[in-house]
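I am opening my notebook on a structure that I have not read before. My entries follow one helix, then the core, then a ligand.

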Amino acid sequence: MNYKNYKNVTILEHPLIKHKITLLRDRNTATSEFRSLVEEIAMLEAFEALRDLPLRDQEVETPIETCMSPVIDGKKLAIVPILRAGLGMVNGIHALVPSAKVGHIGLYRDPETHEPHEYFCKLPSPIEERLVVILDPMLATGGSAVEAVNSIKERGGEHIKFMCIIAAPEGLERLAEAHPDIEIYVGNLDRCLNEQAYICPGLGDAGDRIFGTK
Ligand code: PRP
Ligand code: URA
């Protein structure tokens with residue numbers, strides 16, 4: 001896959017992101033460290049993904065004089081983690097934009113077909129007026145991400161971005177083709193999927209590693 005053909009895809013090249021992804025992949029990384037790394041990578045990715053966050057001018061009194069100065073209009077931002085693993089990225093974004101609203105989409109992959117099934121969706125309103133950033137560390141077949149974007153669009157979402165930590169070429173292509181109007185931010189593009197639709201080399205099951213459920 002030549003991702004450069006997709007204008008809506010950004011593969012992040014920052015060395016700090018690459019370094020932390022290597023630590024994340026290590027099977028010996030313990031749950032608490034894994035969680036911290038997911039938060040830190042989300043924060044670093046957000047630096048790029050939130051480049052066009054709306055600003056508004058606010059009056060501020062400096063020790064010298066009063067002036068108008070820009071502040072982030074955080075209430076315009078909705079972050080939407082895909083449950084469960086996307087939850088691990090929320091604190092990283094909140095550290096940068098504490099006033100961001102949070103929606104949730106519950107999706108699980110059928111272990112046999114790998115098709116996504118939605119079991120929950122609650123979004124902050126009015127969703128059509130917000131920049132919506134969907135969070136999920138893993139973009140594997142792309143089924144969950146495509147379904148999450150469909151769901152948000154059906155509920156009125158218009159300005160949508162998707163942020164993941166690791167993507168497989170198959171999933172990235174599927175999402176970029178299905179939703180050419182959304183911007184996609186990826187921490188690393190891995191080699192391929194295996195027969196169980198796990199990303200290779202990947203990091204295993206992100207939800208299990210974040211919540212210690214295996
Ligand atoms: C994982 C991951 C993504 C999805 C990616 O979630 O967090 O949501 O798989 O796979 P896809 O691109 O092939 O759809 P999972 O369904 O395992 O649920 P969990 O987060 O609750 O463990
Ligand atoms: N979900 C995960 O958590 N990991 C993968 O490699 C694929 C889907």
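Entry one: I looked at the face of α1 turned away from its buried side, and I found that it carries the exposed residues Pro15 and Thr22, where exposed means over 50% relative accessible area and buried under 20% (1.4 Å probe, protein chains only). I am reading a predicted model, in which local features need pLDDT of at least 70 and side-chain atom pairs count only at pLDDT 80 or more, while totals for chains, interfaces and linings use all residues. Residues are numbered from 1 along each chain as its sequence is written, chains are lettered from A and ligands numbered from 1 in the order in which they are written, and side-chain values use heavy atoms, with hydrogens and water left out.

Entry two: I noted the buried residues of α1 (residues 15-25), which are Ile17, Lys20, Ile21 and Leu24. They cover an arc of only 105° around the axis, and therefore lie on the same side of α1; the arc is taken from the directions from the helix axis to the C-beta atoms. Helices (H or I, at least four residues) and strands (E, at least two) are DSSP runs, numbered from the N terminus.

Entry three: I followed leucine 77, which, leaving aside neighbours within four places in sequence, is in contact with residues including Leu50, Val97 and Leu131, contact meaning heavy atoms within 4.5 Å.

Entry four: I turned to ligand 2 and saw that a backbone N or O atom of isoleucine 199 lies 2.8 Å from an oxygen atom of ligand 2, and that a backbone N or O atom of glycine 204 lies 2.8 Å from a nitrogen atom of ligand 2.

How values were computed. A polar contact is a pair of N or O atoms within 3.5 Å; within protein, one must be able to donate a hydrogen and the other to accept it, and residues adjacent in sequence count only if both atoms are side-chain atoms.
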